[in-house]
Structures are given as structure tokens and as C-alpha cells.
Amino acid sequence: MELSNAKKFTPVVWVLLIGNFFVRGAFYMVWPFLAVILFQKFALSATQVGLMLTGSSVIAILLGFYTGNLADRYGRLPILLGAILLGVIAFLSLSIADSLWWFGASVVLASLPRSLWDAPSKALLSDELPDQGVRELALQMLYFFVNLGSAIGPLVGIWLGFTGEQVGFSVTVFAYFALGIALITVYQSKSVRTVHSKTQALDFLNLLRLLKQDRAFIYVLVANALIFLVYAQGDASLIQYLTRSNVDQLAQLISAMIVLNALVIVTFQFPLLKLMSHWVIQQRLYCGIGLLFISQLMMAFNPVHHFNGWLYATFVLSVGEAILFAKLNIFIDKMAPNHLKASYFGAASLCSLGFALAPLIGGLVLDVAGGKALFLTASLVVLVSLVFYARAQLQKRPNQLLRTEA
């Protein structure tokens with residue numbers, strides 16, 4: 001995978017990469033502090049916050065699965081523009097909501113754009129780059145730009161004083177609006193390739209029947225969902241735990257962990273890619289899972305007021321993430337038939353149910369048993385995920401799902 005292949009990226013690929021950087025950066029200026037707003041302004045319990053975040057995320061994931069199929073059947077642009085428009089409306093609403101029901105409804109809306117955008121944008125990127133090596137580099141760089149935005153966003157949010165202020169959501173409105181203008185511009189320039197076949201795409205019910213036969217894909221989704229469930233405990237659940245423990249310099253600690261996570265990925269992603277270039281996929285998988293397991297034990301036994309201890313655990317978690325997550329989009333791209341790219345990326349978004357369930361499950365465990373029990377349980381879930389990965393390796397994929405590699 002040569003970095004020089006970036007010269008082969010088309011204009012729309014650069015819009016997708018740079019646009020995701022700015023939208024994700026603006027998103028993370030304010031979103032990590034959502035649990036703080038719900039607790040401080042509306043006095044919700046950990047379980048109530050978890051229920052709100054989980055409910056909105058589940059709706060977004062299920063809708064994202066369906067719209068991925070729509071993007072194969074009717075084209076990428078309508079779905080992408082719909083996601084952008086919804087983002088503008090949702091974050092504008094979040095910036096001015098003054099009641100719990102209004103704010104809660106806005107949270108649900110704000111969870112939708114990323115899910116609607118994800119599958120069609122990755123499928124469009126794949127459409128644009130028929131060469132597999134160039135496409136893999138673009139998917140790696142997409143992961144890189146997303147995490148770079150995640151690193152810069154909280155710093156800018158702290159600098160602008162958005163640590164719990166609703167006005168910060170308006171910044172994301174402008175980011176979505178700018179992305180929409182850029183996307184329309186490249187489409188009007190007629191520089192976008194149209195290589196996916198709408199006529200061959202299956203309708204949603206037939207897609208479900210087809211996916212049901214792909215047991216290897218299903219086992220991978222379950223394993224990824226469990227990994228995401230554990231990984232997300234270091235986000236919403238950990239933030240709630242720290243908030244309710246009255247940790248000193250809470251906003252600074254939250255921002256430091258988010259920034260450290262993103263910076264580790266940005267710094268280590270490509271060096272790790274080169275270092276592990278001769279490792280088989282199972283070795284990379286087990287290494288990443290092992291680091292994730294260690295990070296959960298570190299969180300379980302770290303004294304709640306030990307500032308640096310949380311950063312050490314976050315570092316280990318982040319290295320594991322860089323190993324595990326960097327190849328996920330490439331893996332799905334290789335599994336997906338050409339005429340079902342967005343549908344498979346949409347189906348892969350179901351593993352984000354792990355992220356969606358994390359606030360609810362984490363909130364319940366926090367309320368009932370506390371932080372130590374939460375992270376000890378998470379460490380066991382990591383081990384369970386290994387079972388599903390092992391099962392996936394033993395499955396044969398149906399012949400009708402196999403495709404010729406690009």
C-alpha cells in the first residue's frame with residue numbers, strides 16, 4: 001500500500017476525506033460533553049442518559065442499514081444530501097433546545113446523519129477507485145482523517161469554551177452545510193464515476209435473505225459488535241462514571257482522553273500498518289484484542305482520582321483500536337459484491353449496535369454495581385468476542401456472495 005497512490009484520488013474522494021475531517025472535528029467539539037449537559041442541565045440519572053443515547057443510536061443504525069440498500073438501488077447522492085440536510089436541522093435544533101423533550105428529540109435526530117452518511121460515502125469512495133491498492137489506501141486515509149478530526153475537535157471545543165454549552169452545536173451546522181456545497185460542486189463538475197449498477201441491486205427483503213446465508217459475515221458482525229460494546233465503555237460510560245465521582249478537572253480529563261485516543265491512532269496507524277505487514281490477519285486480531293483486554297483491566301483497577309492512570313489505560317486502548325479498526329472497512333469492502341457495496345457497508349453498520357447499547361448497559365451496571373464491575377465485565381466480553389471470530393474462520397461463504405476482486 002503506497003502513499004504515492006494518493007495522486008490517483010479523484011476530486012470526490014478528496015471531498016469525502018476532507019469533508020469527514022471537518023464534520024467529525026466539529027462534531028467532537030461538543031458531542032463528548034452531551035452526557036455532562038444531560039446531567040448538569042436536566043439532572044438525568046446514568047441509566048436515563050444511557051437510555052436516551054442508546055435509543056437514538058439504535059434508531060440511527062437500523063435506518064443506516066436500510067438506507068445503505070437504498071443507495072445501491074437509487075444512487076449515492078440523494079442519500080448523502082439527505083444526511084447532510086438532516087445534520088443541519090438536528091444540530092441547529094440542539095443549539096437552541098430549551099426543554100428536555102425538545103433536547104431529547106434533537107439528540108435522536110443528531111444521531112441519524114452519521115449513520116445515513118457512512119455506507120453511501122464508503123460505497124461512493126469504492127466506486128471512484130476501481131484499483132484495489134488505491135481504494136485500500138483511501139479507506140485507510142478515511143479512518144485517519146476521521147480520527148484527526150476527533151483529535152482536534154475537543155481541543156477547539158475547550159478553547160472556545162464549549163464544554164457543556166449548547167451554542168457549540170451551531171459549529172457542526174456550518175460544517176455540514178459546507179460539506180453539502182462541496183459535494184454538490186463535484187457532482188456538477190461531472191467528475192464522479194458511476195460504476196455501481198442500480199438494476200442489479202436487490203430490494204431490502206431479498207438482501208436480508210442473502211445476508212442470512214452468509215454465516216461468516218454474521219459471525220464477524222457479532223464479534224465486532226462485542227468489541228464495539230467494550231470499546232464504547234471508555235467513552236460514554238467512563239465519562240458518566242467520572243462525572244458522578246466528582247473527579248477534579250473533569251472537562252480537561254475527558255478532552256485529554258479523547259485527544260490522546262485520536263492522536264495515538266493518527267500517529268501509530270501507518271507505522272503499525274508497516275510493522276505488521278507480514279503478520280497474518282489472525283495475529284493482528286489477537287494482538288489488538290489482547291490490548292483491549294488489558295485496557296479494561298487497567299480501567300477496572302485504576303483509582304478514580306488518578307488522572308494519569310486513565311490516560312495510560314486510554315493509550316493501551318487506542319493502540320488496540322488502531323490495530324483492530326484500521327482494517328475493518330477494507331475487510332468489508334473485500335467481502336462485498338460490487339453491486340451491493342452500500343448494502344454490505346450498511347449491514348456492517350449493525351455492529352455499531354455495540355456502540356449503541358454501551359451507554360444503556362454501562363449506565364445500568366454503573367447504577368447497580370459501580371465502575372470496577374463495569375470494566376471487569378467488559379474484559380470478559382472481549383474474550384467472548386474471540387469465540388465468534390474463531391467461528392467465522394470456519395465458515396464457507398455461499399457461492400452467490402463471492403465476487404471477483406477488483
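Trainee: At the crossing of helix 4 with helix 7, is it left-handed or right-handed?

Mentor: Helix 4 passes helix 7 in a left-handed crossing (the near helix is turned anticlockwise from the far one by less than a right angle; clockwise would be right-handed). This is a predicted model, in which local features need pLDDT of at least 70 and side-chain atom pairs count only at pLDDT 80 or more, whereas totals for chains, interfaces and linings use all residues. Residues are numbered from 1 along each chain as its sequence is written, and side-chain values use heavy atoms, with hydrogens and water left out.

Trainee: At what angle do the axes of helix 4 and helix 7 cross?

Mentor: The axes of helix 4 (residues 76–96) and helix 7 (residues 169–188) cross at roughly 160° and come within 8 Å of each other, with axes fitted to C-alpha atoms over the stretch in contact and angles running from 0 to 180 degrees between N-to-C directions. The two helices are therefore roughly antiparallel (over 145 degrees; under 35 is roughly parallel, 65 to 115 roughly perpendicular, the rest oblique).

Trainee: And which residues of helix 4 and helix 7 make the contact?

Mentor: Among them are L77, L80, L81, I84 and F91 of helix 4, together with F169, V173, Y176, F177 and L183 of helix 7, where contact means heavy atoms within 4.5 Å.

Trainee: Changing topic, how many aromatic pairs are there in the whole structure?

Mentor: A search of the whole structure finds 12 aromatic pairs (rings of Phe, Tyr and Trp, the last by its six-membered ring, with centres within 6.5 Å; stacked if planes are under 30 degrees apart, edge-to-face if over 60, tilted otherwise). One of them joins Y66 and F204, whose ring centres are 5.1 Å apart with planes at 85°, so the pair is edge-to-face. Because Y66 lies in helix 3 (residues 46–74) and F204 in helix 8 (residues 204–213), this pair ties together parts that are 138 residues apart in sequence.

Trainee: Why is the pair of Y219 and F388 called tilted?

Mentor: The ring centres of Y219 and F388 are 6.4 Å apart and their planes are at 45°, so the pair is tilted. Y219 belongs to helix 9 (residues 215–244) and F388 to helix 16 (residues 371–393), so this pair links parts 169 residues apart in sequence.

Trainee: Is Y219 buried or exposed?

Mentor: Y219 is buried, with a relative accessible area of 11%, whereas F388 is partly exposed at 25% (buried is under 20%, exposed over 50%, partly exposed in between, with a 1.4 Å probe and protein chains only).

Trainee: Which residues do ring pairs link into a cluster?

Mentor: Ring pairs link F21, F144, F145 and F270 into a cluster.

Trainee: Last one, how many helices and strands does the protein have?

Mentor: The secondary structure comes to 16 helices and 0 strands (DSSP runs numbered from the N terminus: H or I of at least four residues for helices, E of at least two for strands), and buried residues make up 58% of the 406 residues in the protein.
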